[in-house]
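Good morning, everyone, and thank you for making the time. I would like to walk you through one model today, so please look at the sequence and the structure while I talk.

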Amino acid sequence: MTTEITGVCPECDAQVRLGADAEVGEIVTCTECGADLEVRSISPPRLEVAPPEEEDWGE
Ligand SMILES: [Zn+2]
């Protein structure tokens, strides 16, 4: 039996499949709008727009 976790894209309200082995902190891509979303919570599933990846911004 496969447990399917589905979150909602904060950008376009689309249902985004996280997969059964999703982890907090994982980045998923919304299939509707292409936004990069960070998994903030598994239960209940919560997605947030991931900040763009930058390298060494603290320097
Ligand atoms: Zn979206």
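**From a proline loop to the core**

Let me start with Pro44, which is found in the loop between β4 and β5, the latter covering 46-49. The peptide bond that leads into this residue, from Ser43 to Pro44, is cis, with omega near 0°. I should say at once that this is a predicted model, and that what I report is computed from its atoms.

Stepping back to the whole chain, the secondary structure comes to 0 helices and 5 strands, and, read along the sequence, the pattern is therefore simply β-β-β-β-β. The C-alpha trace spans about 45 × 20 × 15 Å along its principal axes. Of the 59 residues in the protein, buried residues make up 12%. As for the contacts with a separation of 6 or more, 22% of them are accounted for by residues 24 or more positions apart.

Now to the strands on either side of that proline loop. There is an open sheet of 3 strands, in the order β3-β4-β5, and the pairing in it is antiparallel. Because β3 and β5 stand at the edges, each with a single partner strand, one side of each is left without a neighbour in the sheet. Neighbouring strands of this sheet are turned by 45° against each other on average, with direction ignored. Between β4 and β5, which run antiparallel, there are 4 bridges, and across from Glu48 in β5 stands Glu38.

Which residues form the largest nonpolar core? It has 6 residues, namely Cys9, Val16, Cys30, Leu37, Val39 and Leu47.

From that set I would single out Cys30, which lies in the loop between β3 (27-29) and β4 (36-41). Is Cys30 buried or exposed? Cys30 is buried, because 21 other C-beta atoms lie within 10 Å of its own, and the cut-off for calling a residue buried is 20 or more. If we leave aside its neighbours within four places in sequence, Cys30 is in contact with Cys9, Glu11, Cys12, Ala14, Val16, Ala35 and Leu37. Among these partners, Cys9, Val16 and Leu37 are also listed in the core I just described.

A useful counterpart is Leu18, whose place is in the loop between β2 (15-17) and β3. Leu18 and Cys30 are 12 residues apart along the chain, and their C-alpha atoms are separated by 9.8 Å. With 18 other C-beta atoms within 10 Å, Leu18 is partly exposed. Not counting residues up to four places away in sequence, Leu18 touches Ile5, Thr6, Gly7, Val28, Val39 and Pro45, and of these Val39 is one of the core residues. Going further along the chain, Leu18 and Glu32 are 14 residues apart in sequence and, C-alpha to C-alpha, 14 Å apart in space.

Finally, a residue whose backbone deserves a look on the screen is Asp13, found in the loop between β1 (6-8) and β2. What is the phi of Asp13? Phi there is near 65°, which is a positive value in a residue other than glycine. Asp13 is exposed, because it has 11 other C-beta atoms within 10 Å, and 12 or fewer is the limit for that class.

To close, I would ask you to keep two backbone details in view, the cis bond from Ser43 to Pro44 and the positive phi of Asp13.

Key
Residues numbered from 1 in each chain as written. Predicted model: local features only at pLDDT ≥ 70, side-chain atom pairs only at ≥ 80, totals over all residues. Helix = DSSP H or I, 4+ residues; strand = E, 2+ residues; numbered from the N terminus. Contact = placed C-beta atoms within 7 Å. Core = buried A, V, L, I, M, F, W, Y, C linked by C-beta atoms within 7 Å. Pairing = 2+ DSSP bridges. Axes fitted to C-alpha atoms, helices over the stretch in contact; angles between N-to-C directions.
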